[in-house]
Amino acid sequence: MIISDVLDQGLVNAKNVNRFFFGSGAIQRLPELVLERKRVSGLETVVYFVDSGFADKAAFEIPGLDSVDLVIPISTEFEPTTEYVNHLLALATGDGLTKPAAVIGIGGGSTLDIAKAISNLLNNPGRAEDYQGWDLVRNPGVYKIGVPTLSGTGAEATRTCVMTNKSSGLKLGMNSDYSVFDQLILDPALTATVPRNQYFWTGMDAFIHCVESLAGGYRNPIGDTFSSCTLELCREVFLSDDMQADRNREKLMVASYLGGSAVGFSYVGLIHPLSAALSVVFGTPHCLANCIVMGGVSRFYPEACDEFQRMVAKQEIEVPQGLFVDLSEDQFDNLYKATMMHEKPLINALGRSYGQTLTKDLVKQMFKAM
Ligand code: NAD
Ligand code: ZN
């Protein structure tokens, strides 16, 4: 196999979000968007997926909610599984409900990903697991609007929606141009209630995506520029005295959007495969897992790890340490296997011979150092 079969990034025909509002209070523009979609489609209802943790904490009420609309609360106790997405699809299509004029996701990365997946499944037959992979979605989804309430994953900008299939152990999204939102409302006022640790962990996802992209072998001048801007914004936010000040929440929302836009031009690197292994084997949430992994990868990303530790210290954030010192050989084996299955990012980070660099012993040492 030649390398371009696996990582063909020669010329990217990039797909971005069609339109977005940005600014404090932008959520008030939602009713006009919804009315316009109902008018254009001739359909009467819309479906809202709303992150319950956010709605409770922020006492959030959907502006312009109509009694014919369907509101489905999203539990973020666990990150999205194919099983949960299938269950939500049944709720959105059950009891003679007609197809909605729009699907609207309001919440963190988990809720945004769920909205994207349901939008695709409403116009494509089958179940969520049928579309885990690259370019398997055949028809454009139902018009989708994303409203992030937590900044960092870039899920608002990307062409994927990550889901774990518990029966196969596969953590993979519907990578498709059809997974990109048609419209975003980027309102930094909505992130005011995010707890400190969560704000940092998720914000760091943007930083880490861009560190990995810029250190990788597959590059693109536009992607690199998005990544550099994202890193600069993250430094300004996380090395400041009040990372959650109004101005910093605004900056982090921009960083998240740009970081998500950057990912489409490149791949992540070594940190995400190790982090995905923690999520699959132990159920660790994605962004916390990334932060834990930063404790074990300094030989590959020395400067970024130093910077990360300075930010953790400055913000006095809790990142658990020493969790994997006493694991059994079986557990290390599972972590190793779950890491090594991420061929594309590992080639991006270490080249085609990544299997020789990343021996089982080295992977074990890295987990022990976290
Ligand atoms: P999340 O959506 O899982 O939410 C984390 C917690 O924050 C939840 O308890 C939620 O209720 C709470 N929360 C969200 N907004 C809040 C607010 N304003 N106030 C108070 N609490 C709030 O977390 P996340 O880190 O944003 O998303 C993680 C998910 O994103 C993972 O499933 C990961 O795989 C996925 N992801 C997707 C992409 C993509 O491109 N699609 C990229 C990276 C990660
Ligand atoms: Zn990530």
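**Close-up views of a predicted model**

**View 1. What the buried face of helix H2 touches.** In this predicted model, the buried residues of H2 pack against E1, strand E2 (47-51), strand E4 (103-107), E6 and E9. Which residues of H2 are buried? They are Leu30, Leu33, Val34 and Lys38. These four cover an arc of only 135° around the axis, so they sit on the same side of H2. As a reminder, an α-helix has 3.6 residues a turn, so residues three or four places apart point the same way. Turn to the other side of H2 and you will find Leu35 and Arg39, which are exposed.

**View 2. Helix H2 from end to end.** Helix H2 covers residues 30-41, and at 1.5 Å a residue its 12 residues should span 16 Å. The C-alpha atoms at its ends are 17 Å apart, which agrees. Follow the chain just past H2 to meet Gly42, whose phi is positive, at about 75°.

**View 3. The open sheet and its edges.** Here 6 strands line up in the order E1-E9-E6-E4-E2-E3, forming an open sheet with parallel pairing. Which strands stand at the edges? Strand E1 (19-22) and strand E3 (70-74) do, each with a single partner strand, so one side of each has no neighbour in the sheet. On average, neighbouring strands of this sheet are turned by 15° against each other, direction ignored.

**View 4. Strands E6 and E9, with helix H8 on the sheet.** Strand E6 (residues 144-148) and strand E9 (residues 183-186) run parallel and are joined by 2 bridges. Look for Ile145, which stands opposite Gln183 in E9. Helix H8 (residues 246-263) packs on the sheet, where it touches E1, E6 and E9. The direction of H8 makes about 165° with that of E1.

**View 5. The zinc site.** What holds the zinc ion (ligand 2) on the protein side? The protein donors are two OD atoms of Asp205, together with the NE2 atoms of His209, His272 and His286, and they lie 2.1 to 2.7 Å from the ion. Along the chain, the donors follow the spacing D-x3-H-x62-H-x13-H. Asp205 belongs to helix H6 (residues 196-215) and His286 to helix H10 (residues 286-293), so this pair ties together parts that are 81 residues apart in sequence. Are Asp205 and His286 buried or exposed? Both are buried.

Methods
Residues numbered from 1 in each chain as written. Chains lettered and ligands numbered in written order. Predicted model: local features only at pLDDT ≥ 70, side-chain atom pairs only at ≥ 80, totals over all residues. Heavy atoms only, no water. Donors = N, O, S within 2.8 Å, 3.2 Å for Na, K, Ca; no water. Buried < 20%, exposed > 50% of the residue type's maximum accessible area, 1.4 Å probe, protein only. Pairing = 2+ DSSP bridges. Axes fitted to C-alpha atoms, helices over the stretch in contact; angles between N-to-C directions. Contact = heavy atoms within 4.5 Å. Expected span 1.5 Å × (residues − 1). Arc of directions from axis to C-beta.
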